[in-house]
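Me: I'd like to learn how to read helix packing and salt bridges in a protein model. Can you walk me through it?

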Amino acid sequence: MADSFIYKPIRELAELITSRQVSPVELTQTFLDRLEEFGPHYNALVTLTRERALGRARQAESQIHAGNTRGLLHGIPWGAKDLLATSGGIPTTWGAAPFKDQQFDYDATVVTRLESAGAPLAGKLAMIELAGGMGYIHPDASLTGPPKNPWDTGRWTGGSSSGSGAAVAAGLVPFAIGSETWGSILIPANNCGLAGLRPTYGRVSRHGAMALCWTLDKLGPLCLTADDCGIVLDAIAGPDGNDPSTFSEPFNYDSSAAPARRFRIGVPKGVLDEASEAVKGNFEAAVGTLADIADVEEMEFPEFPYVEITSVILMVESASAFEDFLAEGGPLELSGTGWHGRSPYARPAVLATDYIKALRLRGVMARQVDETMAKYDAIAAPTANNAATPIDEEFRSRSMTSAGAGDLMGSIGNGCGLPSISVPSGFDGDGLPTGIQFMARAYDENVCLAVAREYQARTEWHTRHPGEASPAKPDREE
């Protein structure tokens, strides 16, 4: 019975629970066992929270049996990127050796909200050390080693939420929470064949989450489907007095949201210029599928230094967030190779005038982008230019001086704080997944979720999983 609910979307798991075909305790126990057995195999697990999870699962079971169901997440376990604070003696390592014993006496708001929805926390998941804040260029920049891609363990899962991507793709948890400053939710979704949602900046409280860049950081879900992402966002979104960047408007997931007309979707000119042949072919096929439900046209964003603006903000705010750590030589204790003596220590040298200019220009950028996007429901583009890269090689770092087509969506989306969802678009010749993203205007998560749901209703890529209930390929021989 256990394997029968691995890789089931949240609605199906909820139905199994409410129909008493499976209990929250049985479900949680199964995923805890999978995390414990396979988590180290993928370098995906930092800390198993078995006692806490089973306690919550027993509580959920009693409540459900008494008729007090809290919603679709009641009794469904999940995993947290290890930058979310957890109480009870559970470490929060930030993925970095200098913080491996760090503990907090409170829970992050996201943790509190998910547990209030009845979802047991099964484990703390691996991440790139300090969410990539030291400028990493190699997948080995992680306390637990580079998270391995369940589709091929010789490939990387990508982004700083790499452990969250590995855990969901391998069926170790039904869903996970990741964070994105620039690509760290969407890239693991692309590389692992998942749905990953980057919410509007301020939609989800970051109280209790490690700060990398105060005006760019966002928390969001990595799941099996777009619908799952909407369900999880519904539970974690909303204002929080502990995070003044959150906005007062509540979010209510509308699983039936769709305009009373065909969608209008724009595709940025040149967005395929740097993409691999597999990504190009899969994206063009996806656009063909979208033609059933949408009017799709090529469009252009105004010429503007999007990458430069967002990069300056990221560099300065990350240098400030880790000012003491840098001053004390902390980066020298990190695991990552290939960056030492470069990126972290150069960031404080950015002029204050350049930072203020970047903030001012970001306002102009946001207005121009919003005006351009006003005629579309969403902007579609490949999530990444390629599938997952080898785990033992440096990946091509983002340019800080010029905006290639591959950086356009990331720099605009994160610089303007816009919501975007990535869902699978197919596979390359090596059997690795690729993704398509749908980016909407600020606060329009229901819109990009609707487009993604309709796309997934017409494709089957999201129904394919690596090795189903067991690990995929063996580790690459050294």
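Reply: Here we go through one pair of helices and then some salt bridges. Keep in mind that this is a predicted model.

Me: How do I describe two helices that pack together?

Reply: Two packed helices are described by the angle between their axes and the distance between the axes. Take helix H9 (residues 306-321) and helix H12 (residues 352-373): their axes come within 9 Å and cross at roughly 135°.

Me: What do we call the way H9 and H12 lie to each other?

Reply: Over 145 degrees would count as roughly antiparallel, and 65 to 115 as roughly perpendicular. The angle here is roughly 135°, so H9 and H12 are oblique to each other. The crossing of H9 past H12 is left-handed.

Me: Which residues in H9 and H12 meet?

Reply: On the H9 side you'll find Tyr306, Ile309, Thr310, Val312, Ile313, Val316 and Glu317. Their partners in H12 are Asp354, Tyr355, Ala358, Leu359, Leu361, Arg362, Met365 and Val369. Sorted by class, this contact has 11 nonpolar, 1 polar and 3 charged residues.

Me: Okay, on to salt bridges. How many does the structure hold?

Reply: There are 20 salt bridges in the structure. To count as one, a side-chain nitrogen of Lys or Arg has to be within 4 Å of a carboxyl oxygen of Asp or Glu. Arg155 and Asp430 qualify, with their closest N and O atoms 3.3 Å apart.

Me: Where do Arg155 and Asp430 lie?

Reply: Arg155 is in strand E5 (residues 152-156), while Asp430 is in the loop between strand E12 (420-427) and strand E13 (433-439). The pair therefore ties together parts that are 275 residues apart in sequence.

Me: Is Arg155 buried or exposed?

Reply: Buried means under 20% relative accessible area. Arg155 has 17% relative accessibility, so it counts as buried.

Me: What about Glu180 and Arg198?

Reply: Their side chains form a salt bridge too, at 3.0 Å from N to O. Glu180 sits in strand E6 (residues 176-180) and Arg198 in strand E7 (residues 195-198), so this pair ties together parts 18 residues apart in sequence. Both Glu180 and Arg198 are buried.

Me: Which salt bridge brings us back to helix H12?

Reply: Look at Asp370 and Arg441, whose side chains meet at 2.9 Å, N to O. Asp370 is in helix H12, and Arg441 is in the loop between E13 and helix H14 (445-457), 71 residues apart. Asp370 counts as partly exposed at 30% relative accessibility, and Arg441 is partly exposed at 26%.

Notes:
Residues numbered from 1 in each chain as written. Predicted model: local features only at pLDDT ≥ 70, side-chain atom pairs only at ≥ 80, totals over all residues. Heavy atoms only, no water. Axes fitted to C-alpha atoms, helices over the stretch in contact; angles between N-to-C directions. Helix = DSSP H or I, 4+ residues; strand = E, 2+ residues; numbered from the N terminus. Parallel < 35°, antiparallel > 145°, perpendicular 65-115°, else oblique. Left-handed = near helix turned anticlockwise from the far one by under 90°. Contact = heavy atoms within 4.5 Å. Nonpolar A, V, L, I, M, F, W, Y, C, P; charged D, E, K, R; others polar. Buried < 20%, exposed > 50% of the residue type's maximum accessible area, 1.4 Å probe, protein only.
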